[in-house]
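Here are some exercises to work through with the sequence and the 3D view open side by side. Try each task on your own before you read its solution.

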Amino acid sequence: MALDSKIPHGPISDKWTNYKDHINLVNPANKRNLDIIVVGTGLAGGSAAATLAELGYNVKAFCFQDSPRRAHSIAAQGGINAAKNYKGDGDSVYRLFYDTVKGGDYRAREANVHRLAEVSTNIIDQCVAQGVPLAREYGGLLDNRSFGGTLVSRTFYAQGQTGQQLLLGAYSAMNRQIGRGKIKMYNRHEMLDLVIVDGKARGIIARNLVTGEIERHSAHAVVIGSGGYGNVFFLSTNAMGSNATAAWKIHKKGAFFANPCYTQIHPTCIPVSGDHQSKLTLMSESLRNDGRIWVPAKLEDAKAIREGKKKATDLAEEDRDYFLERRYPAFGNLVPRDVASRAAKERCDAGFGVNKTGEAVYLDFAAAIKRYGTEEAYVKGLDANDAALVTKLGAEIVKSKYGNLFQMYYKIVDEDPYTTPMMIYPAVHYTMGGTWVDYNLMTTIPGCFSIGESNFSDHGANRLGASALMQGLADGYFVLPYTIGDYLAPDIKMGPISTDLPEFAEAEKNVKDQIDRFINNKGTHSVDYFHKKLGKIMWNKVGMARNEKGLNEAIEEIAALREEFYKEVKVPGTANGLNQELEKATRVADFLELGELFAKDALHRNESCGGHFREEYQTEEGEALRDDENFAYVAAWEYKGKPSDAVLHKEPLVYENIKLVQRSYK
Amino acid sequence: MKLTLKIWRQKNAQDKGAIVEYPIDGIEPDMSFLEMLDVLNDQLINKGDEPVAFDHDCREGICGMCSLFINGEAHGPDRGVTTCQLHMRMFKDGDTIFIEPFRAKAFPVIKDLVVDRSSFDRIQHAGGFISVNTSGNTIDANTIPIDKHDADKAFDAAACIGCGACVATCKNSSAMLFVSAKVSQYALLPQGKVEAVDRVLNMVHQMDLEGFGNCTNTGACEIECPKGISLENIARMNREYLAASLKG
Amino acid sequence: MAQSALLNASILKKVAMALSGLFLITFLALHVSLNLISVFSENVFNEASHFMGYNPLIQFVMQPVLAFGVIFHFVMGFVLTIQNRNARPIGYAKYNGAANASWTSRNMIISGLVILAFLGLHFYDFWFPEIGYKYVAGTAPDATRYYGELVHKFHDPIRTGLYCVSFILLGLHLWHGFSSSLQSMGMHNKYSRFLSKVGYGYAVVVPALFVIIALFHHFNN
């Protein structure tokens, strides 16, 4: 099957407008006769459900949490990009488009990214109209901040809780439609399979997580907005419940899975403190604006620190290695996420890690405190040579900028970051890969759409800061509502779809069989035992730096672990009623397959780009070496029974508007 | 650390439920409270028992999914944190810790420590929104300047994570802090003023229908709220409600 | 929205509670001023009491209003308390209420019940005899009897003690009640913060005066 991305013809800036002008529309009266299932209620799913219901479709929305408001989009801190150019600093749709493609290391689809940049401005208007309290200046107008990888100030924000506020905006739009009966909300429900009738997606099988009932739900189209698969690493900044099941189930039913190996590893997370660790906490990238990253220059110092015999503050300036400043004099501590993460890992692997697990580097604010303090002393006409006063003044400034992050760090680590350097380590944060979709956001299964983080389309091999929120809302508010109409137009006379069709019965039976198998398995280990093992394999061999040998080993190990999982997993309790271990088991089962495909994809991509770094493919200075000649394509995998048999389909990436160049941060 | 846990166990909504005692050892001060429960659950599973069900998701204090009434306080003894951000260093070796579900008629127990907070959602359905369609043709976001102080106050109110600690901690199981946070957010913004009258009447009406208690201004909610939502919001809602009743 | 729903609305009940409370607070000010006169002048006290007892406006308009205020305040107090109890059918095994709210704010029903019990005693002491005197027995007005009756009542140390304890509870009730009523009516700003402070002063001064007056008459006679 050849992949058809269905990119409209014409100049890039006209594609979306022309497309909208010529698609099929469904008249309002007919929309009432069409049902749409939306799985996931984050920024993408929530905004899509609300908008589709406003248009008149009957929407059934599903989330595994107890309320749509809890989707993990809520945890996004930094902001949302939009090409508003309110600052007059030369921003434009083209620049946002260009930055996103470049930031993605030239592995994103041009037409999609341009459309994203076009609708970005509508998002801000829409959110403000909904009452989202974005940050403002004293003049009452919206404020912007700048974010990594760009030269303009285009990021809108709401303190450090932008994701929360945008999600609550989408949630409020959903609430309005739920109140009107246009959205039927299914909380605490998990989609466990897709139902395909005559080649088209026509429904899902879902488990009511409270009663344990397996339910059939039909619709004329199914939209998956279930987020990313970062939890395949067990430890990530994702929520505990974040899972790939919906995305993986559609993959197994025929949706191609694209670029699974593109994973974003975020450099500024709080390090793992022990084996009990259940998740990792991200701290905003903005900390790198003022913090200096270092490790001890001597191995014996690092060892002494790990053993608690020395403290960071005991080390003299010449005994510290500011490795980012040393390696990247031009960008220093502000190199992109992937570069900073790899450099930290390199130092820790060499034995310079500074916490008891040896997997942490320092992020030091002492210099910033001194710099700000001195400045402040001059401004206030105080004695700039008084060290204690300077420290006090400087700490106040740092507190005003990063107070909430420092507080969060203090609560978790129990160390005061004002007086002793923070410890940080990279953690899995976002997955750029996902279900392959065409320009209409439709997967390779007709009638099955994928939006937000769960699709692959807009971020290429690396996502820029403040772009995830933009993409989720763009897909849900402004793209899908058009493209789905084009697809549904022929179905207006179809009438409701019966859930008594044999396809539903068969899918339901498969789901029930899987659940029974878990419940009746008399294994010896809990689900987490396997999940942690999978995470270790992924992190060690398919993590920040990958090589052929490790990837081959990972593929074998994951396959073996999967086999062991089915033999030895122990799921207590019954299937009738709330059973959180059973929920975990169905999710981990899918991660165990996805992980293998992930490694397989990483193995096949013989280049380094963005979030995918192959040790064999680097420049002499240790930087990512792209191979545009052979790998400027989307790798879309077709499921064939098991991950190792997956078949590769290539969608060539054609760059008509942007010239491909090597990224350099020296 | 060695601890004695006294945990509410209840098979399902119909079951009567009771406190069950679990001794636990080897807890490290660096663990979060929920990681301590993970350890307990792993032990229970290995013994062949059913693990303790509890709600949790983001484990960074923003999703509002985790709950738990720990030693007589919502989200435990620390301030300004959710249960997932509570660390075991807040406890001492040898402590006995009571762990109970959030209790209110409007938050029925589903299982063990998991409660049904859909009453909160229904209050939001009644009016927690501004009626604007997603057309992409709304006016430019900067057309209406908004006083920064109002915008900041609206944000502070909007920071509510809907966890239900206010209800759980209130001796009357009142949901006033939760409802007033949403009413305030919109009351403070020009976009929200158009529907202000209907919004406050409808949301309070739904709140009353759900069986929450009345506010007696003890202020416990504000102190236990992990996001520090202010009592000022309740006063604002009272004002809005009075004005709306007189008008309507 | 239906009118009946409005009347049942939790917030309006609380506003009614606040208004009746504020009304009773004003009445207390009047009452304590009258009592205070008894400390300084027997004659003026008798005159003032006689005026209050026989002025038709006070007797037939203000007195019923007051009675309604009192009854409304405590009946509504009970209704709200019962509703609030019902809002949590299964209680906590461990509830640390002191961690986040003051004793007075959590126990308005207790201080209220004590005040109610005191009212019973007070009516038994003064109001019932007064009604009996004036309206049942139809005795002729006597403008000089009030001070003597007052002093007589404070002769008994147990009664004086009960009065004093009740006044302390009244103080606790007022301590939370005043600022709470402002909040219930939607006031929460720098003015209400100032008024609350005035309220705290009131909650101390007025009951203290009642106590002093009671002790004064107990020990003075």
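**Exercise 1. A sheet in chain A**

In what order do the strands of the open sheet of 3 strands in chain A lie, and is their pairing parallel or antiparallel?

*Solution.* Please keep in mind throughout that this is a predicted model.

Step 1. Trace the strands across the sheet: the order is E6-E7-E8 of chain A, and the pairing is antiparallel.

Step 2. Look for the edges. E6 and strand E8 (214–218) of chain A are the edge strands, each with a partner on one side only.

Step 3. Check the twist. On average, neighbouring strands of this sheet are turned by 25 degrees against each other, with direction ignored.

Step 4. Now take one pair in detail. E7(A) and E8(A) are joined in the antiparallel sense over 5 bridges. To find your place in this pair, select A:Ile204, which stands opposite A:His217 in E8(A).

As background, strands of a sheet pair through backbone hydrogen bonds, either parallel or antiparallel.

**Exercise 2. Two positive phi values**

Find where A:Asp198 and A:Phe234 sit in chain A, and decide for each whether the residue is buried or exposed.

*Solution.* Start from the general expectation: most residues other than glycine have a negative phi.

Step 1. A:Asp198 is not a glycine, yet has a positive phi of about 50 degrees. A:Asp198 belongs to the loop between strand E6 (189–197) and strand E7 (200–208) of chain A.

Step 2. Count neighbours around A:Asp198. There are 8 other C-beta atoms within 10 Å, so this residue is exposed; the cut-off for exposed is 12 or fewer.

Step 3. Turn to A:Phe234, another residue other than glycine with a positive phi, here near 60 degrees. The loop that holds A:Phe234 runs between strand E9 (221–224) and helix H7 (245–252) of chain A.

Step 4. Count again. A:Phe234 has 24 C-beta neighbours inside 10 Å and therefore counts as buried, the cut-off being 20 or more.

**Exercise 3. A bent helix in chain C**

Follow helix H4 (residues 56–86) of chain C from end to end. Where does H4(C) bend, and by about how many degrees?

*Solution.*

Step 1. Put the helix in context. Chain C has 9 helices and 0 strands, and its C-alpha atoms fill a box of roughly 55 × 40 × 35 Å along the principal axes.

Step 2. Compare length with expectation. H4(C) has 31 residues and reaches 44 Å from its first C-alpha to its last, close to the 45 Å expected at 1.5 Å a residue.

Step 3. Locate the bend. H4(C) turns by about 35 degrees at C:Met62, and the proline C:Pro64 follows within four residues.

Step 4. See what the helix packs against. C:His73, C:Leu80 and C:Asn84 are buried in H4(C), and the buried residues of this helix pack against helix H2 (10–40) of chain C.

**Exercise 4. Which chains touch?**

Which pair of chains has the most contacts, and which two chains have no contact?

*Solution.*

Step 1. Of the 2 pairs of chains that touch, chains A and B have the most contacts. Chain A and chain C are not joined by any contact, and their closest C-alpha atoms lie 16 Å apart.

Step 2. Examine the contact of chains A and B. Chain B gives 65 residues and chain A gives 64 residues. Several elements of chain B supply at least two residues each to the side touching chain A, including strand E6 (109–111) and helix H3 (148–158). The largest share, 6 residues, comes from H1(B). By class, this side of chain B has 28 nonpolar, 19 polar and 18 charged residues.

Step 3. Do likewise for chains B and C. Here the contact takes 41 residues from chain B and 39 residues from chain C. Strand E5 (96–100) and helix H9 (232–247) are among the elements of chain B that each supply at least two residues to the side touching chain C. H9(B) gives the largest share, 9 residues. This side of chain B divides into 15 nonpolar, 16 polar and 10 charged residues.

**Exercise 5. Burial in chains B and C**

What percentage of the residues is buried in chain B and in chain C?

*Solution.*

Step 1. In chain B, 63% of the 248 residues are buried.

Step 2. In chain C, 27% of the 221 residues count as buried.

How values were computed. Residues are numbered from 1 along each chain as its sequence is written. Chains are lettered from A and ligands numbered from 1 in the order in which they are written. This is a predicted model: local features need pLDDT of at least 70, side-chain atom pairs count only at pLDDT 80 or more; totals for chains, interfaces and linings use all residues. Two residues are in contact if their C-beta atoms, placed from the backbone, lie within 7 Å. Ala, Val, Leu, Ile, Met, Phe, Trp, Tyr, Cys and Pro count as nonpolar, Asp, Glu, Lys and Arg as charged, and the others, Gly among them, as polar. The expected span of a helix is 1.5 Å times one less than its number of residues. The bend at a residue is the angle between axes fitted to the seven residues ending there and the seven starting there. Two strands pair if DSSP finds at least two bridges between them. Axes are lines fitted to C-alpha atoms, for helices over the stretch in contact, and angles run from 0 to 180 degrees between N-to-C directions.
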